[in-house]
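Visitor: Hi! Could you walk me through this structure while I have it open?
Guide: Happy to, just ask away.

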Amino acid sequence: MKFSMKCPACGTVMTVDAENKEEAMHKIMAMGKQHAMEHHKELPPMDEAAGMKMVEDGMVEGERKEESGQQGM
C-alpha cells in the first residue's frame, strides 16, 4: 500500500510503500529526517516523539498530489 505525508513547512509530498500504517510511519519518519536536513536546516531539530506525532497526524493512506516532487521508498 502507499502512504503519503505533506511536509507542513514547504508542502513537499513524501510517499512510501508499506505493508501497514506502522511500517509507513517509520519510513516516512526516516524520509522526513532526511528531508529536514536537506531543505529545512534553519528549523530546530525535532525529538522522536514529536516527529512521530506529526507523522501520525499528517500521514494518509494513498498518494497526495505532488507539490514539490519528493518521492520515496
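Visitor: Let's start with a side chain. Is Lys33 buried, partly exposed or exposed?
Guide: Lys33 is partly exposed, with a relative accessible area of 44%. Keep in mind that this is a predicted model.

Visitor: Which side chain does Lys33 meet in a salt bridge?
Guide: That would be Glu48, with an N to O distance of 3.1 Å. The pair links distant parts of the chain, since Lys33 sits in helix 1 and Glu48 in helix 2 (residues 48-58), 15 residues apart.

Visitor: And what is the relative accessible area of Glu48?
Guide: For Glu48 the value is 44%, which makes this residue partly exposed.

Visitor: How many salt bridges does a search of the whole structure find?
Guide: Four. One of them joins Lys2 and Asp17, whose closest N and O atoms are 3.0 Å apart.

Visitor: Where do Lys2 and Asp17 lie?
Guide: Lys2 belongs to strand 1 and Asp17 to strand 2, so their salt bridge ties together parts that are 15 residues apart in sequence. Lys2 is partly exposed at 33% relative accessible area, and Asp17 is partly exposed too, at 37%.

Visitor: Okay, switching to the sheet. What is the strand order?
Guide: The order is 2-1-3, in an open sheet of three strands with antiparallel pairing. Strand 2 (13-17) and strand 3 (60-61) are the edge strands, each pairing on one side only.

Visitor: How many bridges join strand 1 to strand 2?
Guide: Five bridges connect them, with strand 1 covering residues 2-6 and the two strands running antiparallel. As an example, Lys6 has Val13 in strand 2 as its bridge partner.

Visitor: Which strands does helix 1 touch?
Guide: Helix 1 (residues 21-39) packs on the sheet and touches strand 1 and strand 2. The direction of helix 1 makes about 140° with that of strand 2.

Visitor: Back to salt bridges for a second. What is the partner of Asp57?
Guide: Asp57 pairs with Lys53, and their closest N and O atoms are 3.1 Å apart.

Visitor: How far apart are Asp57 and Lys53 in helix 2?
Guide: They are four residues apart in that helix, so about one helical turn separates them.

Visitor: Last one: is Asp57 buried or exposed?
Guide: Asp57 counts as exposed, at 54% relative accessibility. Its partner Lys53 is partly exposed, with a relative accessible area of 47%.

Key
Residues numbered from 1 in each chain as written. Predicted model: local features only at pLDDT ≥ 70, side-chain atom pairs only at ≥ 80, totals over all residues. Heavy atoms only, no water. Pairing = 2+ DSSP bridges. Contact = heavy atoms within 4.5 Å. Axes fitted to C-alpha atoms, helices over the stretch in contact; angles between N-to-C directions. Buried < 20%, exposed > 50% of the residue type's maximum accessible area, 1.4 Å probe, protein only.
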